[in-house]
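Here is a friendly walk through one protein model, meant to be read with the structure open beside you. Please have your viewer ready before you start.

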Amino acid sequence: MYAIGIDVGGTFTDLVAIGPDRRVVFAKAPSTPQDQSLGVMAGLDELARRLGLARGDLLARTGRLVHGTTVATNALLERKGATVALLTTEGHRDVLEMREGLKGDRYDLRSPPPEPLVPRQRRFGVRERLGPDGAVRVPLDTASLDAAIEAVRRAGATSVAVCYLHAYRNPAHEIATVERLRRALPDVYVSRSSDVWPQIKEYERVSTTVVNAYVGPAVEHYLGNLERRLAAAGFAGSLFIVLSHGGMAPVEEASRLAAGTVLSGPAGGISGCRRCAELIGIADLVPFDMGGTSTDISLIVDGQAMLTADAGLAGQRIALRSLDIASIAAGGGSIAAVDAGGTLHVGPASAGSQPGPACYGNGGTAATVTDANVVLGYLDPHAFMGGARRLDAAAAAAAVDGIAETLGVSREQAAAGIHRVVNLAMADGIRLMTLRRGVDPRRFAVLSFGGAAGLHAADVARELEIPRVVVPVAASVLSAWGMLASDLRYEVGRTSIAASGRTSAAAVRDVFADLEHQATARMRGWFDGPVRLERSAEMRYGEQIFEIDVDLDGLDLASPTLVEALEERFHRRHEALYTYASPDQEVVFVNARVAAVGSVPAIAVEAAAMASETDAVPHGRRRVYLEGWAEVPVYRFDALAPGDRIVGPALIEAETTTVRIGRADTLRVDARGWLDIAVGLEG
């Protein structure tokens, strides 16, 4: 059976199929923001054509389809989600607005806080109260609840978030509220905090539940449409959705936990990078994914991706665990502009897929990064998308001329400026993930992927003195490829606040045993293959107001010294993060967490026997701008063989991406046919 990965980006929808013969075939189709499933089906048509099959035949022979979607992301960024009402404990409806008493930048006195997704007139208090131990202090008042439900009806809400005080300890009032809501308003999407994120911290729980309610209807509607389209086209296999933590889940789980899909697309890329790290034997990588609208940057450390519980998007807090990804508004479609002071900026505005860069010929007139690359000669207008789509070089030149005229420089200098500015922005993104966290980027290698990354990766690495860039064969569709390397994952957590000196090994074991049973039972409902469990805890020193995530894998839960071992893990993790530990301070165990992981077969990548190193033969030459016009050799990616060597400057062209190396760079082709670039000091 085939396995197909699908990643919907801002400009293109990428598809990868791996068949019974392990051959990897990929395709691209323009994204369709108005209904992403249209672009998905068009991409499946193209993928089937490349495999020599009818679309129905391909889908009938597909056992697993893994999909990354930006529906939730776009709903948040564009403020186009559901009309949400919030039901909360009487007297606490302003938690969403008070946040934690802090701004994103506490030293910025002028910027207002982000506008809440639920305005005050759609936030309704219900008479009930639980204590911090989960005991009922005030029973749920049905008259108060019925009045709130009627207010929800009058407000015209299409989705309701239910979040009562201390419901993470006892969900009874929330469950009763949801039952009554569904009887009164059966067509309304309902999200309850004890189901979405049953943990301590009131603002985080309210915000995450509201985000889930805000994006849930759109995600549910889209996935339902996609399922119906696929079924009508002949697909009878399993459809999985990639979640923000890098695992995948069935459609019903992604619809329930819609807030967990906000980083769905980028998460697939990180899964692919983890597999790449295994294949090339590099434990420390900087995944560098440059697409049409943004660049996503993360870290692979010791072969593992970094997870965080501090994520957010568009000013909204989402406490669900996700991969730690920095998204920079810098992509091929990023628009260049000159401000009133004469300074050149690139982004954050993007031309997207419609109308796209000026060179696409769809009516766009603003100068973009892609237009600059055409003017500089880095992109061949006749070879874009394998020649299937011709670029309009005259339109690109006209767009860049507008920037050049404003700056008072030549067309080539303006284009080179756009290229340089976007490179600096992306280098700053890597600094954010490394230097600001006390990590030296020079010990990492850059893994370049995404359709636009190849033209910029070596220059960005050079800016940071990173000595190595790796470009996989499937670089332009690595997120879709990586989705096929994603395991199924279901995470559960429980707040269990206890100082280590006042808890016992038996109590800790009981908490994890309950969570393991819950996680395994849910996973077995989806998957009958091998399942492993990952354990972690969120812990802090007694006087701290924040917790850190502590990996507990390999810890012997049966040990009589379990509590002491937990403390030791915490001290080591704290020292690794902040350079010090305080063994004499009290340690507090706050949240226990278990992930059940259903392991899917690893993507096989064949490696050839390495030949002796030889100079590759170019298939042509092209005039490009390198602080002046010069003729440089151009190589075909698919014609390169293991052992081939290329000394820069040079261009390497594939159907869906182009790689540029500088004067001091040396490229070698490894046993998998991937490009391994030694980065020099000169561009």
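The sections below cover a helix pair, two buried residues and some backbone geometry.

## The model

What you are looking at is a predicted model, so please read each value below as computed from that prediction.

## A pair of packed helices

Two packed helices are described by the angle between their axes and the distance between the axes. Here the pair is helix H5, residues 142–155, and helix H6, residues 172–184. Their axes come within 11 Å and cross at roughly 45°. That angle makes H5 oblique to H6, and the crossing of the two is right-handed.

If you would like to see the contact itself, display Thr142, Leu145, Asp146, Ile149 and Arg153 on the H5 side. They meet Thr177, Arg180, Leu181 and Ala184 in H6. By type, the residues of this contact divide into four nonpolar, two polar and three charged.

## Serine 159

Is serine 159 buried or exposed? Serine 159 sits in strand S9, which covers residues 159–163, and its relative accessible area is 0%, so this residue is buried. The side chain of serine 159 reaches the backbone oxygen of alanine 213 at 2.7 Å.

Leaving aside neighbours within four places in sequence, serine 159 touches Ala82, Thr83, Val84 and Ala85. Its contacts also include Val188, Tyr189, Ala213 and Pro217. Proline 649, which comes up again further down, is 490 residues from serine 159 along the chain, and the C-alpha atoms of the two are separated by 56 Å.

## Threonine 495

Threonine 495 belongs to strand S26, residues 488–499. Its relative accessibility is 4%, and because buried means under 20%, threonine 495 counts as buried.

Which polar atoms does the side chain of threonine 495 meet? One polar atom of that side chain lies 2.8 Å from the backbone nitrogen of isoleucine 200. A polar contact of 2.7 Å also joins the side chains of threonine 495 and asparagine 591. With neighbours within four places in sequence left aside, the residues in contact with threonine 495 are Tyr168, Arg169, Pro198, Gln199, Ile200, Val590 and Asn591.

## Backbone geometry to look at

Most residues other than glycine have a negative phi, and most peptide bonds are trans. With that in mind, here are some places to visit along the backbone. The peptide bond from glycine 347 to proline 348 is cis, with omega near 0°, and proline 348 is found in strand S23, residues 344–350. Another cis peptide bond runs from glycine 648 to proline 649, where omega is near 5°. Proline 649 lies in the loop between strand S33 (644–647) and strand S34 (650–653).

Now for phi. Arginine 22 has a positive phi, near 70°, and is located in the loop between strand S2 (12–18) and strand S3 (24–30). Its relative accessible area is 53%, so arginine 22 is exposed. Aspartate 302 has a positive phi as well, near 55°. You will find aspartate 302 in the loop between strand S15 (300–301) and strand S16 (304–305). With a relative accessible area of 61%, aspartate 302 is exposed.

Conventions
Residues are numbered from 1 along each chain as its sequence is written. This is a predicted model: local features need pLDDT of at least 70, side-chain atom pairs count only at pLDDT 80 or more; totals for chains, interfaces and linings use all residues. Side-chain values use heavy atoms; hydrogens and water are left out. Axes are lines fitted to C-alpha atoms, for helices over the stretch in contact, and angles run from 0 to 180 degrees between N-to-C directions. Helices (H or I, at least four residues) and strands (E, at least two) are DSSP runs, numbered from the N terminus. Angles under 35 degrees count as roughly parallel, over 145 as roughly antiparallel, 65 to 115 as roughly perpendicular and the rest as oblique. A crossing is left-handed if the near helix is turned anticlockwise from the far one by less than a right angle, and right-handed if clockwise. Contact means heavy atoms within 4.5 Å. Ala, Val, Leu, Ile, Met, Phe, Trp, Tyr, Cys and Pro count as nonpolar, Asp, Glu, Lys and Arg as charged, and the others, Gly among them, as polar. Buried means under 20% relative accessible area, exposed over 50%, partly exposed in between (1.4 Å probe, protein chains only). A polar contact is a pair of N or O atoms within 3.5 Å; within protein, one must be able to donate a hydrogen and the other to accept it, and residues adjacent in sequence count only if both atoms are side-chain atoms.
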